[in-house]
Amino acid sequence: LSRVGRRQRQVWIRERSLGPERGRGTRYDGSADLSALCRWAWDDKALYFAAQVQDDKATFLPDARDLANLWQFDCIQMAFDAAGNARGPGYADDDYEYGFGLAGGAPKAYRWATGNNLPLGDVPNVTVSVGRDDTRQLALYEVRIPWTELLPFSPDTMSCGMTLVVADNDGDGPQSSWLEWTPGIAGPKDPTAFGMLTLIDE
């Protein structure tokens, strides 16, 4: 998390490996095609996320003017049931869905679903770094999300529903394969299928 903030505390899910058992899509072809190691941390100002993604071919969104289509290219999508009160399919007014990736060569954050009356679209208040090593076929994502972009989830509430998708476009169509921690994003939006993210202080 060196580029977007210094790690202060951990979360209950400190590290999550997403491999073939989490692979989805008709073109998913094993861990060399797409796999990821994800980490979270937090402090009193923000939630931090980092992912090392193994991907044999990178295809990022070419035009930042099409940022709403970020999900169709290599990116990470993350959704939060910020109040931890999901009762059925579909997003409520306390749910968020974000995307993080490169668009026109620049790191971007985009919000498709919003709680707390925040605007949809580009989210400049979220800090994103994305780097790619083509030789090693590795991408590194680092994200800092201020608590103001996740309310009512905060260090005061300590937990919320959450899931994520690592999207993959190998040049053969939108999201030709993907990894998911749990269902709820890629397909029907369903916060009841999310996992739980819990902050701990250590």
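This passage describes strand pairing, burial, aromatic pairs, cysteines and an internal cavity in a predicted model. Local features need pLDDT of at least 70, side-chain atom pairs count only at pLDDT 80 or more, and totals for chains, interfaces and linings use all residues. Residues are numbered from 1 along each chain as its sequence is written, and side-chain values use heavy atoms, with hydrogens and water left out.

Strand E5 spans residues 75–81. Strands (E, at least two residues) are DSSP runs, numbered from the N terminus. Of the 7 residues of E5, 7 are buried, so the strand is largely enclosed by the rest of the structure. Buried means under 20% relative accessible area, exposed over 50%, and partly exposed in between (1.4 Å probe, protein chains only). Both faces of E5 are covered. One side carries Cys75, Gln77, Ala79 and Asp81. The other carries Ile76, Met78 and Phe80.

E5 pairs with E11 in the antiparallel sense over 7 bridges. Two strands pair if DSSP finds at least two bridges between them. Aspartate 81 of E5 stands opposite glycine 161 in E11. E5 is also joined to strand E6 (residues 95–103) by 6 bridges, again antiparallel. Here methionine 78 has tyrosine 98 in E6 as its bridge partner.

E11 has a further antiparallel link, to E13, through 4 bridges. Serine 159 is bridged to threonine 198 in E13. Strand E13 (residues 195–200) has two unlike faces, one covered and one uncovered. Gly195, Leu197 and Leu199 form the covered face. Met196, Thr198 and Ile200 form the uncovered face, which thus includes the bridge partner of serine 159.

The aromatic pairs number 5. Rings of Phe, Tyr and Trp (its six-membered ring) pair if their centres lie within 6.5 Å; planes under 30 degrees apart count as stacked, over 60 as edge-to-face and the rest as tilted. Tyrosine 110 and tryptophan 112 form a tilted pair, 5.3 Å centre to centre and with 55° between the planes. Tyrosine 110 is buried, because its relative accessibility is 15%. Tryptophan 112 has a relative accessible area of 22%, so it is partly exposed. The pair of tryptophan 147 and phenylalanine 153 is edge-to-face, because the planes stand at 90°; the ring centres are 5.2 Å apart. Both of these residues are buried. Ring pairs also link Tyr96, Tyr98 and Phe100 into a cluster. Tyr98 is also the bridge partner of methionine 78.

The cysteines were examined next. Cysteine 75 is buried, at 0% relative accessibility. Cysteine 160 is likewise buried, at 0%. No disulfide (a pair of cysteine sulfur atoms within 2.5 Å) is found in a search of the whole structure.

The structure holds 1 cavity of 30 Å³ or more. A cavity is a set of points on a 1 Å grid over the protein atoms alone where a 1.4 Å probe fits but cannot get out; lining residues have an atom within 4 Å of a point. Grid points are joined across faces, edges and corners, and the volume is the space filled by probe spheres set on the points. The largest cavity has a volume of about 50 Å³. Its lining includes Val53, Phe60, Cys75, Arg132, Tyr141 and Val166. Strands E4 (46–55), E10 (138–146) and E11 (159–168) each give two or more residues to this lining. By class, the lining has 8 nonpolar, no polar and 3 charged residues. Ala, Val, Leu, Ile, Met, Phe, Trp, Tyr, Cys and Pro count as nonpolar, Asp, Glu, Lys and Arg as charged, and the others, Gly among them, as polar.

Methods. On a 1 Å grid over the protein atoms alone, a cavity is a set of points where a 1.4 Å probe fits but cannot get out, and a pocket is an open set with protein on both sides within 12 Å along at least five of seven lines; lining residues have an atom within 4 Å of a point.
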